[in-house]
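Welcome to a small set of exercises on reading a structure model. Try each task with the structure in view, then go through the solution step by step.

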Amino acid sequence: MEVKRRSKLIQKIIFRLYFVIILCIVLSLLMPAGAVKAEYTFETNYIYDFWGFAKKSIPAYELVKTIDYENMNGVPLSSLDDVYASNGRIYLIDSVESRLNIFNDDYELITSIKLLRDKDNKIVIDPETNAQVILKNPEGVFVKEDFKEIYIADTGNERILVLDSENYYLKRIIKRPANMVGVTVFRPSKVVVDNAGRIYAVVQGGHEGIIELNSDGSFSRYFGVNKPRSSVIDYIWKTLASETQKEKMGKVYAPSFNNVDIDKEGFVYATTHESAAVYKVFRLNAKGENVLRNADMVIGDYYTGAYNQQESTFVDIAVSDFGAYALLDKAKGRVFIYNFDGELLNIFGGLGNIKGTFKEPTSIAWYGKKIIITDKKLAKAFIYQQTDFGEAALGAAENYYYGRWDEAAMLLEKALSLNSNYDVAYAGIGKNLLMQDRYEEAMYYLKLGNDRTYYSKAYNGYRAQQIQKGFIWFALIVIALVGYIIYSEFRYHKKIGSKEG
Amino acid sequence: MLKQLIYVNLHPFDGFYQTSRSEKKGKYLVATVLLVIYGILQIIAYQYTGFIMNYQPIFMMNSIRIFLLALLPIVLFVVSNWSITTILEGSGSIGDIYIVVCYSLFPKIVFDLIGVIVSNFIISEEIPILQAFMAIGTVWFCFLIFAGLCVVHEYTVFTNIIMIILTFVAAIIIIFLAMLYFTILIKTINFVITVINEFFRRW
């Protein structure tokens, strides 16, 4: 009886064991493998690693100064829509109060422009409309230091105003060119000027591209091609639909650009926030093609459509002298800094209600090594300065761009000592070691940096070295192999020969 | 046993005919061992493929998952092929199909293992060569399965092609039913849990 009961018990235990094992197997299949993406990270500062997992990181920038109504000497300030900074001047556009506010190095208001005056300080009257030239909901400002000119996109009045950048008098008014083609309304929202004086104006919702004007204000062409993303499902529907259905479906418009910047070489950078676009960020060459490196990876936050994720919607781009560009994302208030190769260097900033966070970020600009970000709802401009890590990381990017490899590697090592999750640095140090033919160390760093292309190059060198070192052994093996083949052939023929003989 | 295995791999038509008719008990053991080796090989490949060819995040390796995911398509193929061919006058039993599939894994195992080892000593320019080499194993594997199924089911080549297409259809149906089953199971469990929760809240 006792034995029977015991055997039953054992059977029961074994059965349960099986159950547990099967459960384990099923669970191991169901479990998501490894860490989850940024979903539950409480750190605001993170960076994506090679596999797209969010890893803790250090911000490259920290808030140092805020420009708000306190700096305005009583001039009203209700909104901030665009910022441009150069030569110790900060230009801020307020579209609600319709003002251009200009600040100096010490963040003191120099002047606030609403009503425009000519050289002799007289109020300008527009001869066509017989009205004073007053700003009306301007959305963009750009300063061309070479020509000493300020360009204001006077959106509400559908014109671009050109001011002198020293005495702030009105030089020119650029209205809708008579020879302009297409259906786009001439409501310039953002404007940049290249070295030849050509003006590139972005119209919000303009599907034909960026309006390019010659320096005399005549229409040149629509600039930049932005292809809509087409999906297989759309294609299937299109083939199935009848003509009337197709008419009702509506046209697929090319996604419109929403902001521009220009680098010192004259390449126009543009962003779009329409989700139908193939690329989100553009570096346009003279033909209007996107030549941004690694463009399909410049997407801000990784987006898989999972719960709690948001696609980054870029509202502004700022290009630095050394090819690195900062992208401002409206969805989460983040700033993404990429280097000229399209590698993500740093992410900082965020939406929120504490000091240094944004409500509705609108615009970003480099101010020397600092970064200025404006906020429309808060009507504030935030000035960010580099942290120790930012100094090292961005300094390295700058040195790398100018080909000063050793300085770059030194700074990268400093950046790594501050932040060991900074993968770009491992690859950078590895590349530098590779250039010095220190293959084995290079392989170590390139493996950490997950850079397979350069790892392969380093390994090629290392392998050649090893083969050279052990050449005698390779030679011996080959000789032995050849010898064996000859011997076996010889023996085989001898056998046959003896059989025949 | 190994001799027989190699003979089957080199002379599939003759070899599979013999294995399907022989009464040796060992053949199932060999087949299962091959299957397990294949699963283990996938784990090895995940971890030890050379860095240049290995894009897997090794720090989050789950060997049980890899093993089961490697075996899943094979088992699925066996089951769906058997379910199709029993209806459509195939003379092979499920054991025969199992043996055909598992014995056919042999060249794939050999070539993949060599590939894993060699991948540690190559640069990216040489990757296509190694991949071409490893493709030999895969092609051989596919040919063996095809030949083996022809023999054990006593099909002509053309019928066999249709049967293999039908096998994939059956596999899709099986996956669909499995997903349906699990979804409904989860929903049922959730429902029961909700009812219990409500019950205790109103108590």
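**Exercise 1.** Find the pattern that chain B follows along the sequence, and count its helices and strands.

*Solution.*
Step 1. Read along the sequence, chain B follows the pattern α-α-α-α-α-α-α.
Step 2. The count is seven helices and zero strands. Here helices (H or I, at least four residues) and strands (E, at least two) are DSSP runs, numbered from the N terminus.

A note before you go on: residues are numbered from 1 along each chain as its sequence is written, while chains are lettered from A and ligands numbered from 1 in the order in which they are written. This is a predicted model, in which local features need pLDDT of at least 70 and side-chain atom pairs count only at pLDDT 80 or more, while totals for chains, interfaces and linings use all residues.

**Exercise 2.** How does the radius of gyration of chain B stand beside that of a compact globule of 203 residues?

*Solution.*
Step 1. A compact globule of 203 residues would come out near 17 Å, but chain B has 21 Å. The radius is taken over C-alpha atoms, and the globule rule is 2.2 Å times the number of residues to the power 0.38.
Step 2. Look at the box along the principal axes: the C-alpha atoms of chain B fill roughly 75 × 50 × 30 Å.
Step 3. Now turn to the inside, where buried residues make up 27% of the 203 residues in chain B. A residue is buried if 20 or more other C-beta atoms lie within 10 Å of its own, exposed if 12 or fewer, and partly exposed in between, with C-beta atoms placed from the backbone.
Step 4. Of the contacts in chain B with a separation of 6 or more, 77% are between residues 24 or more positions apart. Two residues are in contact if their C-beta atoms, placed from the backbone, lie within 7 Å.

**Exercise 3.** Is B:Gly39 buried or exposed?

*Solution.*
Step 1. Locate B:Gly39 in helix H3 (residues 26-48) of chain B.
Step 2. B:Gly39 is buried, because 20 other C-beta atoms lie within 10 Å.
Step 3. Leaving out residues up to four places away in sequence, B:Gly39 touches B:Phe67, B:Ala70 and B:Leu71.

**Exercise 4.** Describe helix H6 of chain B and what covers its buried residues.

*Solution.*
Step 1. This helix (residues 127-153) has 27 residues and reaches 39 Å from its first C-alpha to its last, close to the 39 Å expected at 1.5 Å a residue. The expected span is 1.5 Å times one less than the number of residues.
Step 2. Among the buried residues of H6(B) are B:Gly137, B:Phe141 and B:Leu144.
Step 3. The cover includes helices H1 (2-10), H2 (12-21), H4 (63-87), H5 (94-118) and H7 (157-202) of chain B.
Step 4. After H6(B) comes B:Glu154, whose phi is positive, near 55 degrees.

**Exercise 5.** Now do the same for helix H6 of chain A: how many of its residues are buried?

*Solution.*
Step 1. Helix H6 (residues 423-435) of chain A has 13 residues and reaches 19 Å from its first C-alpha to its last, close to the 18 Å expected.
Step 2. H6(A) is mostly covered, with 12 of its 13 residues buried.
Step 3. The cover includes strand S24 (344-348) and helices H4 (388-401), H5 (405-418), H7 (439-448) and H8 (452-469) of chain A.
Step 4. H6(A) is followed by A:Asp437, whose phi is positive, near 60 degrees.

**Exercise 6.** Why is chain A described as more spread out than a compact globule?

*Solution.*
Step 1. Chain A has nine helices and 27 strands.
Step 2. Its radius of gyration is 32 Å, well over the 23 Å that the globule rule gives for 501 residues, so chain A is more spread out than a compact globule.
Step 3. Along its principal axes the C-alpha trace of chain A spans about 120 × 80 × 60 Å.

**Exercise 7.** What confidence does the predictor give?

*Solution.*
Step 1. pLDDT is the predictor's confidence in each residue, from 0 to 100. Its mean is 93 for chain B, where 99% of residues reach 70 or more.
Step 2. For chain A the mean pLDDT is 86, and 90% of residues reach 70 or more.
Step 3. Over residues 31-42 of chain A, pLDDT stays under 50. Where pLDDT is low, the predicted coordinates should not be read in detail.
Step 4. The complex gets an ipTM of 0.85 and a pTM of 0.81 from the predictor.
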